[in-house]
Amino acid sequence: MEDCQNLSDSKLISLSESIQHFLPDGSSVAMGLSLESLIPFAAAHEIIRQRKRNLCLIGPISDAMFDQVIGAGCVHQIKAAWVGNVITGSGYNFRRGIETGTLKIEDHSNLTLAMALRAGAMGVPFMPARTALGSDLFKTNPGLKSITCPFTADHLTAVAAINPDVAIVHVQRADEYGNTNTWGNLGVSRDTCLASRHVIITAEEIVSPDLISADPNRVIIPGFRVNAVVHFPWGAHPSPVPGYYNRDHQAFLDYRNDSKTETLFTKWQHRWVDHIGSHHEYMDLLGHKRMAGLAIKNHVFSEPVDYGY
């Protein structure tokens, strides 16, 4: 697949193909961009299966996803505001990486990371801000500099742009050409897609372009900026997907226990990652009863809007 395609070319490929083609070793990859929902766990697991190495992970709150990719030995650097397990706190693989010195960290606040990606999306080298002034972030983050405003002489922070090699975003629905509809807390998804050199979309559903264009305000990134579209239902599990399934709290509690030691994590990876080749196999492992328990029970629909002219 070429990076630049005809707008009418289908970008629908398998998850393994998308990771193999667009995420070489040494890449910087942004994931977990919608905070605690729509986390692309399936894509992260494919990164582990392909034994990618020397990656830089970028994201505000990755939940346990970053910890899993770290535990598999895929990562050399993190640019993040927080890494761990939202329910239980510590990410044990992340902690082991920091304590042993095998993992490099660039500390951010949620705001500095968002502004770095906004600068990248805008094509400017930095964003001025008042955030982080007086904090220890300046000691650990080379992307933060103290500057003086040329207009007011105010003391400001310059937040350096971040342009990831790849953004991986999970959405509710997409067409085969890369146009997407997604809703809920979008976090920094839109800016990150615009800032990144390549974009991989994983989607609960593949729908017609007419359905996507009927609701244009929910298109977070135009199809011509997307490189690959992957159909992967339950691709964000155990995080929630608004309108599709709820957060699997038990999965995060189980992962806490299954990652306390390297040996336990290896067993977890063997079961939940290494031998999963498709969304069908993952759904079979989850089981119908568990999926039914996580499915949306109380639907809350938005008000319809009129795009007429």
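Helices in this account are DSSP runs of at least four residues, numbered from the N terminus. With that in hand, a walk through this predicted model can start at helix H3. This helix spans residues 64-71, and it is largely enclosed by the rest of the structure, because 7 of its 8 residues are buried. The buried residues of H3 are Ala64, Met65, Phe66, Asp67, Gln68, Val69 and Ile70. Their cover is shared among several elements, including H2, strand E2 (55-61) and strand E3 (75-82). Helix H4 (92-100), H9 and helix H10 (262-274) also belong to that cover. After H3 comes glycine 73, which has a positive phi, near 80°.

The surroundings of H3 lead naturally to the nonpolar cores. The largest of these cores has 51 residues, and Met31, Ile47, Leu57, Ile78 and Ile168 are the ones with the most contacts inside it. H2 supplies the largest share of this core, with 6 residues. Apart from this core lies another, of 28 residues, which counts Leu33, Met115, Leu137 and Val199 among its members. Isoleucine 78 offers a closer view of the 51-residue core. Leaving out residues up to four places away in sequence, isoleucine 78 touches Leu57, Phe66, Ile70 and Val83, and also Leu103, Lys104, Ile105 and Glu106. Two of these partners, Phe66 and Ile70, are among the buried residues of H3.

Threonine 202 belongs to strand E10 (residues 198-206). Its relative accessibility is 1%, so threonine 202 counts as buried, the limit being under 20%. The side chain of threonine 202 makes a polar contact of 2.7 Å with the side chain of histidine 170. Beyond four places in sequence, the contacts of threonine 202 are Leu15, Pro40, Ala43, Val169, His170, Val171 and Val230. Three of these names, Pro40, Val169 and His170, return in the lining of the second largest cavity.

A search of the whole structure finds 2 cavities of 30 Å³ or more. The second largest has a volume of about 30 Å³, and its lining consists of Gly32, Leu33, Ser34, Leu38, Pro40, Ile168, Val169, His170 and Ser189. Strand E8 (residues 166-174) gives the largest share of that lining, 3 residues. By class, the lining of this second largest cavity has 5 nonpolar and 4 polar residues, and no charged ones. The largest cavity has a volume of about 70 Å³. Its lining residues are Phe41, Ala42, His45, Arg49, Phe232, Trp234, Gly235, His237, Trp272, Ile276 and Tyr282. Helix H2 (residues 41-49) gives the most to this lining, with 4 residues. The classes here are 7 nonpolar, 3 polar and 1 charged. H2 thus appears both in the lining of the largest cavity and in the cover of H3.

Open space is represented by the largest pocket, which has a volume of about 320 Å³. Arg173, Trp183, Asp215, Arg218, Gly243 and Tyr244 are among the residues that line the pocket. The lining also includes Ile296, Asn298, His299, Val300, Phe301 and Ser302. These lining residues divide into 5 nonpolar, 4 polar and 3 charged.

Two further residues complete the picture, one in a loop and one in a helix. Serine 27 sits in the loop between helix H1 (15-22) and strand E1 (28-30). With a relative accessible area of 4%, serine 27 falls under the 20% limit and is therefore buried. The side chain of serine 27 reaches the backbone oxygen of proline 24 at 2.6 Å. Not counting residues up to four places away in sequence, serine 27 touches Asn54, Leu55, Cys56 and Asp165.

Arginine 256 lies in helix H9 (residues 249-258), one of the elements that cover the buried residues of H3. Its relative accessible area is 25%, which lies between the 20% and 50% limits, so arginine 256 is partly exposed. The side chain of arginine 256 makes a polar contact with the side chain of asparagine 257, at 2.7 Å. Farther along the chain, arginine 256 touches Asn85, Thr88 and Tyr92, with residues up to four places away in sequence not counted. Arginine 256 and asparagine 85 are 171 residues apart in sequence, while their C-alpha atoms are 7.5 Å apart in space.

Methods: Residues numbered from 1 in each chain as written. Heavy atoms only, no water. Helix = DSSP H or I, 4+ residues; strand = E, 2+ residues; numbered from the N terminus. Buried < 20%, exposed > 50% of the residue type's maximum accessible area, 1.4 Å probe, protein only. Contact = heavy atoms within 4.5 Å. Polar contact = N/O pair within 3.5 Å; in protein donor to acceptor, adjacent residues only side chain to side chain. 1 Å grid on protein atoms, 1.4 Å probe; cavity = no way out; pocket = protein on both sides within 12 Å on 5 of 7 lines; lining within 4 Å. Points joined across faces, edges and corners; volume = space filled by probe spheres on them. Nonpolar A, V, L, I, M, F, W, Y, C, P; charged D, E, K, R; others polar. Core = buried A, V, L, I, M, F, W, Y, C linked by side-chain atoms within 4.5 Å.
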